[in-house]
Amino acid sequence: MKLSLIMTLLVGAVASPASAVLYTAGHGDIGIAYEEEPGEPPEFFFHNHVSPNAVVDGVSGNDEEFEAGVLTIVVPASTMLSQTDSDLDTGTGVSGGAPIWVLPQSQSVAQTQGAPYLGFATEELVSTEWGMITFELISVTSPSGSGTFSAWDFDGFGNPSFHLSSNSVGDNSGITVPAGGEAHFNLGFSELGDWGIELRVSGTSTDPSIGFQESTETFNFSVVPEPSSALLALLGSLALIRRRRS
Amino acid sequence: MALAAVLAPLQAVELDLLYGHYEIQTDYDPEAGWTLGPSYNLNDDFNDRTQIRRLRASETRIIAPPRSQGTLNDSLSFLGPAGQTAWILPQSFRRDNHFLGMRVVIDPLIFQTRVGDNHLNNGLGTIGLKMVDVSGSGPDREGEFALWETGSLGESIVFFNTQDGIDESDDLSALPAATHSHFNWGFTQPGSYHVKLEASGRLRPSGEETSIEETLQFLIPHSGAINEVHGTLCHEEGRWALGLCDIENGVIYGDRRALIEVQANATGDGFECPCSFDAAGCSLPDSAGLPESLAQRGAATDFPGRVTLQLLEHIGPGEVSFGSQFQTADGIDSSDSFPLDQEVAGTLSFTSAGIHTLTFRASGADSSSEIMTIRCAAGLLIDYDFAAWADSYERAYGLAAGSLADPEGDFNNDGMNHQLEYFLDAGGADPVRGSKALVRSEIEPEGTHARMIFLRDLHKDTLTGNSPELVSGASEDLINWTYLNPSRPGFPLEFFETGAEEGNAVSLIMRRALRRELSPEGRGFFRLLSR
């Protein structure tokens, strides 16, 4: 059944980003865990996580984790909006009705668009053992070298807050999520092409022997001019870097 | 710190949620049927159903925290006009607010999939969620409720809205079998909101429709600030109360749940406000901090013509007087007492700005009350800051200026620093004389959980999670402590700060309970501290 689905989706495949595994729809997270590998001391594991309803390499049904950089998060053409809100000009780096591609904060909008519903998750950290976890923007590699990546949301009264923005250092407070939680934001990209978003995550354990922990990784995004459902990547020796959640 | 050991049993109370990440969750199981109500995840994996804890909608009150309050702008005209005060629980995570989502946990292929007006036996299946009624004291004072989503560029997508009436359009339709999304929940008046929802779906393959109705409980707190004294003595089955009636806003406050903001008088040499006392009870839509039945039963009913009220103490700078009924300038004695066989009205006057605590005792026939308190702020507002608090108590006790100015200081060496005493001022903390009965701890009747009861003033700590803040904690050995605050909200059924309030409404000065399971040894300790 799985093979059949893959073969069907191979029809119409288009040029895909250079990295191998494509996440094209459904719920996933940029997540943090504190865990140990055999023979290694425990440390922050900063990674991608996809839920069973996520579509990865054209198939869904798996609850998996990927090391950062292995997965490419596809931002499909259906997410393109015309940016006319002046309150968003500085943060997004887009104004005057120019196009911006936005992975939406809303799950229903993401479903309608057939786009990834990407969040920031701290669910694997026990809330009574960790406080707030902070995700900070370290660097952005954009297709042209001058594109803007940003993450924002709105308070209940409709006022925007930019948490990450490569165009607005002064309003770049980072994303804070309590341990044991998850939060979603609008993730904006100002141009088509492949992006590398370098993030640092940090938090402090209530256990003094663990204390402050941090990790920095680069996550890959690809803003494509085609519907994401037509994309597919090569299936390779990915088993080594894909981890099914237990 | 304020420390309390476990003492005696207490009646269980409903669960109150004041901040944190919760869901309004809809479940359907072919054997167990529907459930609809608040839920949360213990930890780890949101997809792991074993981590879900479900709460009963009828027993769970979702209280809007202080930072949910704001002013509407034109973009939210569906909720109310620009400039109107509103309380919004936002779809975006904010540490100082609720993060209330909608979640559907139903196996695929149980329900038909709705596409437009058609229902099909393919796809994963969908359910619908409708708002069928909104009632309560909030709507009764013309409060509106809406549920909407904010789009990526700030546009509002409205699903439920009472301002245009409740009809078929109040429909969150075609929710997939497994979905989780967040919305804005908006309210425009204080009080209670009972939001009745109907979840429904059509079963495969027959198309048979099945549904459930459940009512969610929301509370928008009253501010607790009033600008005149309308005190009414209440008595029911041996229990006394001196309620403060806010007629204009339709709420009666129990002991210490309100503060009278007293303005400067016309001549500028003092502060005064209208003041009246009676023994008639008060029937208002909302009761915060005392049972509704007690609030409505005046002491005159049980003790006709024989009710008196006596001023016992005034703590505050300068003097206070209420006509011929009481004056503190000549000392406080038995002459500062007056009958309440009919309403007594006049002017309450203070000679000095600051925080004033007046304590009274009521009596009728052979019954007399416990100490009852009225708190006033002359020339201050209810959210007076630490500096105003320190200045007021320094002048009240004739201390040198600056004696209480250090938040970390402890003038009377009682183990509570000034910052903590400021946070607990409404509850009776006194930086000079010490404080009695600020907290108490009790074992619940079932014997499985213990709780610490205290009064939290949300004007002083608005739950931002930033320092300084009032945190509650527990320990089994007095060595290892676990504290809760907006960054670590705990879990309602495990270790949690919940409500312990009486009445159908709440003030921003509200009684809270830190609740935790007892250790196998039956031992537990609680504490409050500022940090």
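Is D391(B) buried, exposed or partly exposed? In this predicted model, D391(B) is partly exposed, with a relative accessible area of 36%. R395(B) falls in the partly exposed class as well, at 37%. These two residues form a salt bridge in which the closest N and O atoms are 3.2 Å apart. Both partners belong to helix α4 of chain B, which spans residues 386-396, and they are separated by 4 residues, or about one turn of the helix.

Over all chains, the count of salt bridges comes to 28. Side chains of opposite charge can pair when their charged atoms come close. One such pair in chain A consists of R200(A) and E136(A), with 3.3 Å between the closest N and O atoms. This bridge links distant parts of the chain, since R200(A) is placed in strand β15 and E136(A) in strand β9 (residues 132-141), 64 residues apart. R200(A) is partly exposed, with a relative accessible area of 28%, and E136(A) is likewise partly exposed at 28%.

In chain B, R433(B) forms a salt bridge with E313(B), where the closest N and O atoms lie 2.6 Å apart. Distant parts of the chain are again linked: R433(B) is in the loop between α5 (418-423) and β36 (440-443), whereas E313(B) is in strand β28 (residues 307-315), at a separation of 120 residues. E313(B) has a relative accessible area of 25% and is therefore partly exposed. A network of salt bridges further connects R456(B), D461(B), E497(B) and R512(B).

Chain A comprises 246 residues, 54% of which count as buried. Its secondary structure consists of 3 helices and 17 strands. Of the contacts in chain A between residues at least 6 apart in sequence, 71% join residues at least 24 apart. The exposed area of chain A is about 9700 Å², with 53% supplied by carbon and sulfur atoms.

A charged residue without a salt bridge is found in the loop between β14 (186-189) and β15 (193-204) of chain A, the place of E191(A). E191(A) is buried, and the nearest side chain of opposite charge, that of R200(A), is 24 Å away. Leaving aside neighbours within four places in sequence, the contacts of E191(A) are with W101(A), S142(A), P143(A), S144(A), G145(A), G147(A) and V223(A).

Cavities and pockets were also examined. The structure holds 7 cavities of 30 Å³ or more. The second largest cavity contains about 80 Å³ of space. Its lining is formed by Q105(A), S106(A), Y117(A), E182(A), A183(A) and H184(A), together with Q91(B), F99(B), H180(B), S181(B) and H182(B). Two elements give two or more residues to this lining, namely β13 (182-184) of chain A and β17 (178-182) of chain B.

The largest pocket encloses about 1300 Å³ of space. A total of 42 residues line this pocket, and D255(B), R256(B), I371(B), T373(B) and G427(B) lie nearest its centre. Two or more lining residues are given by each of β23 (239-246), β28, β33 (354-364), β35 (372-378) and β37 (449-457) of chain B. The largest share, 5 residues, comes from β23(B).

Backbone geometry was considered last. Most residues other than glycine have a negative phi, and most peptide bonds are trans. R256(B), one of the residues nearest the centre of the largest pocket, has a positive phi near 70°. R256(B) is located in the loop between β24 (251-253) and β25 (259-264) of chain B, and counts as buried because its relative accessibility is 17%, under the limit of 20%. A365(B) is not a glycine either, yet has a positive phi of about 50°. The position of A365(B) is in the loop between β33 and β34 (367-368) of chain B, and this residue counts as partly exposed at 48% relative accessibility.

Cis peptide bonds are found in chain B. The bond from R204(B) to P205(B) is cis, with omega near -10°, and P205(B) belongs to the loop between β19 (191-202) and β20 (209-220). The bond from S467(B) to P468(B) is also cis, with omega near -5°, and P468(B) is in the loop between β37 and β38 (470-475).

Note on methods
Residues are numbered from 1 along each chain as its sequence is written. Chains are lettered from A and ligands numbered from 1 in the order in which they are written. Side-chain values use heavy atoms; hydrogens and water are left out. Buried means under 20% relative accessible area, exposed over 50%, partly exposed in between (1.4 Å probe, protein chains only). Lys and Arg count as positive and Asp and Glu as negative; His and the chain ends are not counted. A salt bridge is a side-chain nitrogen of Lys or Arg within 4 Å of a carboxyl oxygen of Asp or Glu. Contact means heavy atoms within 4.5 Å. Accessible areas come from the Shrake-Rupley method with a 1.4 Å probe; for residues, only the protein chains shown count as cover. On a 1 Å grid over the protein atoms alone, a cavity is a set of points where a 1.4 Å probe fits but cannot get out, and a pocket is an open set with protein on both sides within 12 Å along at least five of seven lines; lining residues have an atom within 4 Å of a point. Grid points are joined across faces, edges and corners, and a volume is the space filled by probe spheres set on the points.
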